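Here's a quick tour of one model, starting from a single residue and working outwards. Have the sequence and coordinates open while you read.

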Amino acid sequence: MDDIASRCIEIIAKSKSIPPDSIKLTSTFEELNIDSLDKINISFEVEEAFSIEIPDDALGSLRTVGDVVEGVKMLQQKKAATATGSPASATS
């Protein structure tokens, strides 16, 4: 598991007061009892931790912890590409 995944799991675990070891990348928000308000609060924590901005419309499509991790990676790539002036590479 990489640093981004570990940090995202740490944020979710702290937010829901659950052990990090019980959270997997395939864990769904439903399984973790994360409601829409929790999702918003977690997104704020993730934004602050990684100095990124998660688009509001992206929150609705996040279903698993892995979705959050992949979203953070994509936003960091876009941010890096913007900072260097090179076009963002599409990763799919």
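Let's start with I12: setting aside neighbours within four places in sequence, I12 is in contact with I23, F29, L32, I34, I42 and V65. Contact here means heavy atoms within 4.5 Å. Bear in mind that this is a predicted model, where local features need pLDDT of at least 70 and side-chain atom pairs count only at pLDDT 80 or more, while totals for chains, interfaces and linings use all residues. Residues are numbered from 1 along each chain as its sequence is written, and side-chain values use heavy atoms, with hydrogens and water left out.

**The core**

I12 also turns up in the largest nonpolar core, which has 23 residues; I12, V46 and V72 touch the most other members. At least two residues of this core come from each of α1 (3-16), α2 (36-50) and α4 (65-84), and α1 gives the largest share, 7 residues. A nonpolar core is a set of buried Ala, Val, Leu, Ile, Met, Phe, Trp, Tyr and Cys residues joined through side-chain atoms within 4.5 Å. Buried means under 20% relative accessible area, exposed over 50%, and partly exposed in between (1.4 Å probe, protein chains only). Across the chain, 34% of the 92 residues count as buried.

**Two serines with positive phi**

Neither of these two is a glycine, yet both have a positive phi.

| Residue | Phi | Loop | Relative accessible area |
|---|---|---|---|
| S17 | about 55° | between α1 and α2 | 67%, exposed |
| S51 | about 50° | between α2 and α3 (56-59) | 48%, partly exposed |

**On the surface**

L37, I40 and F44 make up a nonpolar surface patch, with about 290 Å² of accessible area together. F44 sits in helix α2. Such patches take residues with over 30% relative accessible area and no salt bridge, with nonpolar side chains (Val, Leu, Ile, Met, Phe, Trp, Tyr) joined within 5 Å; a salt bridge is a side-chain nitrogen of Lys or Arg within 4 Å of a carboxyl oxygen of Asp or Glu. The chain exposes about 6,000 Å², and carbon and sulfur atoms supply 52% of that. Areas come from the Shrake-Rupley method with a 1.4 Å probe.

**The whole chain**

What is the overall make-up? The chain has 4 helices and 0 strands, in the pattern α-α-α-α. Its radius of gyration, taken over C-alpha atoms, is 13 Å, close to the 12 Å that the globule rule gives for 92 residues, so the chain is as compact as a globular protein of that length. That rule is 2.2 Å times the number of residues to the power 0.38.

Conventions:
Patches are made of residues with over 30% relative accessible area and no salt bridge: like charges are joined within 9 Å, nonpolar side chains (Val, Leu, Ile, Met, Phe, Trp, Tyr) within 5 Å.
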